[in-house]
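Q: Could you take a close look at one part of this model for me? I'd like to see how it is put together, and then how the rest sits around it.

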Amino acid sequence: MSWDQILNLLISALFSIATLALISLGLAVVFGMMKIINLAHGEFLMLGAFATLTANRLGLPLWLSMVCAPVVVGVIGLVLERGIIRHLYGRIIDTMLATWGISLVLVQLVVIAYGPATQGLATPLGSFRLGNYSVSAYSLFLVAAAGGLVVLTYVLFMRTKYGLMARAASQLPQTASALGINAGRINMLTFAVGSALSGAAGALLAPVVGVVPSMGMAFIAKAFMTVIVGGPLVLSGAMSAAALLGSVDNVVSYLSTPFLGQGALLVISIVLLRLMPNGLSGKWRRQL
Amino acid sequence: MLRKSLNTRLALLFIGAVAIMIAAGCGGSGSTTTTTAASPAASTGSSAAPATTTATPSGEPIKVGSILDETGAINVYGKTMIDATNLAIEDINAKGGVLGRPLQLVSYDAQSTNDKYTQYTNQLILQDKVAVLMGGITSASREAMRPVIDRSHALYFYNEQYEGGVADKLVFLTGVVPEQQLSTLIPWAIKNDGPKMYVIAADYNYGHISADWVKQYADKNGGTVVGQEFIPLEVSDFGATLSKIQEAKPDVIVSLLVGGNHIAFYRQWAAAGLKDKLPVVSATFGLGNEQVVLSPSEAQGIVVAYPYFQELDTPANKDFVALWHAKFGADYPYITDSDNAVWTGWHLWAAAANKAGSVDVDKVIAALESGIDFDSPEGKVSLDPKTHHLVHNVRIAKVNATKGFDILETFDNVAPNVYIDLTQNSTAHTQYTPGGK
């Protein structure tokens, strides 16, 4: 293998990993910190993409439009948490049913507002040359942005007062309440943070995929798979799973066909969960 | 305690994931649709007839059926074909209907799922008792409908570009086929771009059979296929594919990609800076208005071959476009080749039924096989009785800077391949492929 071939494969694998990390980050936060199985997660990604598209069509530059998306989706998440989800804490099956319903409503609302057809944003930033290959500069930006979001999430939960309270409320809710932490308020914020992360992921993916109301479907199965394989640690677990599954998918697709790449992703997940029922991070001694 | 709760959480997460899969299996986004299943066209009937017509249709309406995808992954093609269907029915009624009676359209949204096609085909035949069925978009959906058609001895029109070779007494196909589309496009690509081709195709029967055709036409014209790849319809990450294409160093990419997710290929191809280095020719680009969804900086220069383009400068097309814009607005994105096929399909059936003096299946087939011409938007087309396909006028065109096409070359009266003479064989229900049979 020549250097350009290896570098190109590396960038392409990093892109797959970053995509998986982005689509599973918000889900990991909401599930890991709050034990809520958010079946509307894919629709939050979709809303992020549509928020970017709308802001861009209203005349905002693309980068500013992308910044709008987490704000918009975070607010939508906040409203849904206050209106519906907070009444269902501790009732996992009921939350699943409620978020499933929310996902159907969100898809239909977007179909009514935008129509069912695929829309799009042109990919910005152009390309650069790498030996015999030509590579999109945006794919590197996407990788960097995914890394940035992961670091941001880490800092938020490990270095801020809110993060400390959120982890306390998540691990020992009774003790946290006894110490005066308002669990309801913390949960509200955590759900909004998870939604905003999903919105940011949707915004970042909007210029590389087709933006369509049903796009959440394409992502949610992969997002759940990443979070399950990741195990109990919100950030390190899900991100290691993204790194593992993303590189397997990419390398197998490259060596054989995209069809087998998708298959390998599923096989690896099944084998891993058979060998490590609690996920990759099941025995790790970390905090996040 | 901690361990147990973890296991419970994981188990529940699994249930959640399974629920998603099941729901996705029930019809992708289509399962979420609220579109009314049966929606007889509101605008049909005698009131649609303008003052200039010679006869106003009256009497008992004739029920006709259509199944297309208004929602789901294939709706990029379905939306505009549904508009074409409604316009064609309205036009036929405005011109006096069939046998002096108005047509009443019964239409269903198959939500991009093949089992819905089977279900609604049964429903249209058994419950609605329609005189003719049209519809199906992907070749998979056509093959889901065809066994039901054959079993029930119904009359069926498939109005979409496809991989060719269907020979079925009960089926008429108005779309362009490889011996018309690839036989012109592949030699053009070899001559203008170079002999080495890389084929990327959707991973179902259309893509596989068409890729075989590409190979055959490449071999015949001095080209070679240096690589081919089949992409599942759900895939929208083309990173690995683009790497492999660049390694194979082809002169031209032949795209047989299908559906909304695959639009991402053109975007990622342009973003990687390959647009000006590695040209794309396609047998499917544009049918889903990809050139409208993508920006000119991404799509300009992609070369396609179809019988119909909105830009065609013929009187029949001018009237067609004017009628279309009067109904759906002048800002309509683009009228596709599929719309031309749908329009032509309905008018051919109406002409044949009028000629036969009946809507009886066998009598209409006899009339269709008697040699019927139609002044379609693509120009004059004739139905070839032996194959039940159309003799098409094929154009090669290039995406321009204004989200439309510039026509480069025209091939008049390109005939379909004859595999079996359907006028002599009333029991054929088969499909011929380049691989054999």
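**A run of strands in chain B**

A: Let's start with a hairpin: two residues link β12(B) to β13(B). This is a predicted model, so read everything below as computed from that prediction. Strand β12 of chain B covers residues 373-376, strand β13 of chain B covers residues 379-384, and the two run antiparallel with four bridges between them. If you want a spot to check the register, look at D373(B), whose bridge partner in β13(B) is S382(B).

Carry on along the chain and β13(B) pairs again, this time with strand β14 (residues 389-399) of chain B. That pairing is antiparallel too, and it has three bridges. Here the residue to look at is L383(B), bridged to L390(B) in β14(B). The hairpin of β13(B) and β14(B) has four residues between the strands, and H388(B) takes a positive phi there, near 65 degrees.

How far to trust chain B overall? Its mean pLDDT is 85, and 87% of the residues score at least 70. The high point of confidence in chain B is strand β4 (residues 156-158), at 96, while the low point is helix α1 (residues 2-25), at a mean of 51. Go easy on residues 21-53 of chain B as well: pLDDT stays under 50 there, although the model has 73 contacts beyond four places in sequence for that stretch. For the complex, the predictor gives an ipTM of 0.76 and a pTM of 0.79.

Now for the partner. The contact between the chains takes 54 residues from chain B and 53 residues from chain A. On the chain A side, the elements that give two or more residues are α1 (3-34), α4 (92-114), β2 (133-136), α9 (215-230), α10 (234-255) and α11 (258-275). That side of chain A breaks down into 30 nonpolar residues, 22 polar and one charged.

Chain A itself has 11 helices and two strands. Read from the N terminus, the order is α-α-α-α-β-β-α-α-α-α-α-α-α. Its radius of gyration is 19 Å, close to the 19 Å that the globule rule gives for 288 residues, so chain A is as compact as a globular protein of that length. The C-alpha trace spans about 65 × 50 × 35 Å along the principal axes of chain A. Of the 288 residues in chain A, 56% count as buried. Among contacts in chain A with a separation of 6 or more, 76% come from residues 24 or more positions apart.

Notes. Residues are numbered from 1 along each chain as its sequence is written. Chains are lettered from A and ligands numbered from 1 in the order in which they are written. This is a predicted model: local features need pLDDT of at least 70, side-chain atom pairs count only at pLDDT 80 or more; totals for chains, interfaces and linings use all residues. Two strands pair if DSSP finds at least two bridges between them. Two residues are in contact if their C-beta atoms, placed from the backbone, lie within 7 Å. Ala, Val, Leu, Ile, Met, Phe, Trp, Tyr, Cys and Pro count as nonpolar, Asp, Glu, Lys and Arg as charged, and the others, Gly among them, as polar. The radius of gyration is taken over C-alpha atoms; the globule rule is 2.2 Å times the number of residues to the power 0.38. A residue is buried if 20 or more other C-beta atoms lie within 10 Å of its own, exposed if 12 or fewer, and partly exposed in between; C-beta atoms are placed from the backbone. pLDDT is the predictor's confidence in each residue, from 0 to 100.
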